[in-house]
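Thanks for coming. I will take a few minutes to walk through one model, so please have it open in front of you.

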Amino acid sequence: PKQWLVWTEDRGRGWRMVPISSDDSRFLRVVEERLAQRQAPADRVLVIGLLARLANHFRADRPADSWQMLFEDYAADLAGISEPHMREVIDGARRESPWFPKVADLIERWQTIQRVEGERHRRARVLLELETPKPWEA
């Protein structure tokens with residue numbers, strides 16, 4: 001049987017070589033496709049809508065035009081973040097932040113999500129032989 005790397009929750013330590021079935025391969029293809037789809041950048045209007053919704057949870061005395069300028073700036077700074085990731089970032093900020101977050105706070109949250117999901121995507125691609133493993137994984 002062919003030797004494959006498998007995903008482990010401990011970030012790669014203990015990757016072991018095991019055979020993979022065709023059913024596993026089909027499942028991995030679906031996972032890989034979904035992870036790839038989650039990378040498409042979100043629409044600017046959607047980002048502004050999510051930011052406006054987030055702002056509703058924080059008390060702030062700003063006029064509407066000031067909020068609009070702030071949302072436009074944030075949307076420009078957050079361009080390139082996908083819709084699913086943006087929703088996760090905004091939800092996390094709403095639940096965990098005592099104040100309206102700065103762009104840097106939102107980007108930091110996104111980078112954490114991106115790192116974990118990016119590694120899962122890479123490992124799925126390795127298992128499907130669409131990408132070569134890193135030297136220490138072989």
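I will use the word contact throughout, and it means heavy atoms within 4.5 Å. Helices (H or I, at least four residues) and strands (E, at least two) are DSSP runs, numbered from the N terminus. This is a predicted model, where local features need pLDDT of at least 70, side-chain atom pairs count only at pLDDT 80 or more, and totals for chains, interfaces and linings use all residues. Residues are numbered from 1 along each chain as its sequence is written, and side-chain values use heavy atoms, with hydrogens and water left out.

First, the overall layout. The chain has five helices and zero strands, in the order α-α-α-α-α. Of its 138 residues, 35% are buried, where buried means under 20% relative accessible area, exposed over 50%, and partly exposed in between (1.4 Å probe, protein chains only).

Next, the pair α2 and α4. Leu46, Val47, Leu50, Leu51 and Leu54 in α2 meet Glu83, Met86, Arg87, Ile90, Ala93 and Arg94 in α4. How are the two helices arranged? Their axes lie 10 Å apart, at an angle of about 10 degrees. Axes here are lines fitted to C-alpha atoms, for helices over the stretch in contact, and angles run from 0 to 180 degrees between N-to-C directions. α2 is therefore roughly parallel to α4, a label for angles under 35 degrees (over 145 is roughly antiparallel, 65 to 115 roughly perpendicular, the rest oblique).

Now the largest nonpolar core, meaning a set of buried Ala, Val, Leu, Ile, Met, Phe, Trp, Tyr and Cys residues joined through side-chain atoms within 4.5 Å. It holds 23 residues, and those touching the most other members are Leu51, Phe71, Tyr74, Leu78, Met86, Phe100 and Leu106. Two or more residues each come from α2 (44-55), α3 (64-77), α4 (83-96) and α5 (103-127), with α2 giving the largest share, six. Take leucine 51: beyond its neighbours within four places in sequence, it contacts Phe71, Tyr74, Ala75, Ile90, Phe100 and Leu106.

Last, α5. This helix has 25 residues and spans 36 Å from first C-alpha to last, close to the 36 Å expected at 1.5 Å a residue; the expected span is 1.5 Å times one less than the number of residues. Its buried residues, including Val103, Leu106 and Ile113, pack against α1 (22-37), α2, α3 and α4. Just after α5, glutamate 129 has a positive phi of about 60 degrees. Is this residue buried or exposed? Glutamate 129 counts as partly exposed, because its relative accessibility is 47%.
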